[in-house]
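Hi there,

Here is the structure I promised to pass on. Have a look at it first, and my notes on helix packing and pockets follow underneath.

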Amino acid sequence: MNPITHLLIGWELGSLLTSSPRERAAIAWASVAADADGLGALVDMGNRLLGRPETSWFFHGLFGALLAAGVAAAVCRRRALAAAGAFVAVHVHLLCDLLGSRGPTPGDIWPLRYLAPFSDALTISWQGQWPLNGWPNVLITLILLALVFVQAARKGVSPVSLFSRRADVAFVTAVRRRI
């Protein structure tokens, strides 16, 4: 799934677990943190040129979940709740990637190396993985966007607050005027 969908999933999960803006934000950002692996693409290109295996995909596993949980605990008052929410959010991200992150060509399955970078012992893949741009991912994103509008109208808060409180107030006000 794409990072926007992961962020929206994390936002909804955080909203279910807490009303604290900081905890909700920590859980939402944890849900997308695994995609920081993408920054290691340059390292992996160099590794391929040198005939070495890819090494940068370690946030998509247990290490990334523990790191995200630790960061969430460090920045939130209710440390256990934030850590647990972040840990779950990363695992939801992993499940979503396992279901719907196939590459552009059939058979281009993206495996999940759960214990990387320490071991390849628990590498999981699924042959039924749908394409990253497949209709299931689009449908999930549209449902999440609908939930954003409902939540903005009912609770007066939206994922826009992750970027700007002022923009969130403007967004919520606009949604409430139209719904």
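**Helix packing**

Helix α1, residues 3-17, packs against helix α6, residues 135-155, at an angle of about 40 degrees, and their axes are 10 Å apart. Please keep in mind that this is a predicted model. The angle between α1 and α6 lies between the 35 degrees under which helices count as roughly parallel and the 65 degrees where roughly perpendicular begins, so α1 and α6 are oblique to each other. Their crossing is left-handed. On the α1 side, the contact is made by Thr5, Leu8, Ile9, Trp11, Glu12 and Ser15. On the α6 side you will find Ile140, Thr141, Leu144, Leu145, Leu147, Val148, Gln151 and Lys155. By class, the residues of this α1 and α6 contact are 8 nonpolar, 4 polar and 2 charged.

Helix α1 also meets α2. Here the axes come within 7 Å and cross at roughly 150 degrees, and the crossing is right-handed. From α1, the residues involved are Pro3, His6, Leu7, Gly10, Trp11, Leu13, Gly14, Ser15 and Leu17. They meet Arg24, Ile27, Ala28, Trp29, Ser31 and Val32 of α2. The contact of α1 with α2 has 9 nonpolar, 5 polar and 1 charged residues. If you are colouring by contact, note that Trp11 and Ser15 of α1 take part in the contact with α6 and also in the one with α2.

Next comes α2 with α5. These two pack at an angle of about 30 degrees, with axes 7 Å apart. Angles under 35 degrees count as roughly parallel, so that is how α2 and α5 lie to each other. The crossing is right-handed. Glu23, Ile27, Ala30, Ser31 and Val32 of α2 make the contact with Leu81, Ala82, Gly85, Ala86, Ala89, Val90 and His93 of α5. That contact divides into 8 nonpolar, 3 polar and 1 charged residues. Ile27, Ser31 and Val32 of α2 appear in this contact with α5 and in the contact with α1 as well.

**Pockets**

How much space lies in the largest pocket? It holds about 560 Å³. There are 22 residues lining this pocket, and Trp57, His60, Asp97, Trp110 and Pro111 are the closest to its centre. The elements α3 (41-49), α5 (79-100) and β1 (112-113) each supply at least two residues of the lining. By class, the lining of the largest pocket has 10 nonpolar, 5 polar and 7 charged residues.

The second largest pocket has about 190 Å³ of space. It is lined by 14 residues, and nearest its centre lie Trp29, Ala30, Ala33, Ala68 and Val71. Two elements, α2 (21-33) and α4 (62-75), give two or more residues to this lining. The largest share, 6 residues, comes from α4. Its lining has 13 nonpolar residues, 1 polar residue and no charged residues.

Two residues here tie back to the helix packing. Trp29 lies among those nearest the centre of the second largest pocket and belongs to the contact of α2 with α1. Ala30 is also among those nearest that centre, and is part of the contact of α2 with α5.

Happy to go through any of this with you.

Best wishes

Definitions and conventions. Residues are numbered from 1 along each chain as its sequence is written. This is a predicted model: local features need pLDDT of at least 70, side-chain atom pairs count only at pLDDT 80 or more; totals for chains, interfaces and linings use all residues. Side-chain values use heavy atoms; hydrogens and water are left out. On a 1 Å grid over the protein atoms alone, a cavity is a set of points where a 1.4 Å probe fits but cannot get out, and a pocket is an open set with protein on both sides within 12 Å along at least five of seven lines; lining residues have an atom within 4 Å of a point. Grid points are joined across faces, edges and corners, and a volume is the space filled by probe spheres set on the points. Helices (H or I, at least four residues) and strands (E, at least two) are DSSP runs, numbered from the N terminus. Ala, Val, Leu, Ile, Met, Phe, Trp, Tyr, Cys and Pro count as nonpolar, Asp, Glu, Lys and Arg as charged, and the others, Gly among them, as polar. Axes are lines fitted to C-alpha atoms, for helices over the stretch in contact, and angles run from 0 to 180 degrees between N-to-C directions. Angles under 35 degrees count as roughly parallel, over 145 as roughly antiparallel, 65 to 115 as roughly perpendicular and the rest as oblique. A crossing is left-handed if the near helix is turned anticlockwise from the far one by less than a right angle, and right-handed if clockwise. Contact means heavy atoms within 4.5 Å.
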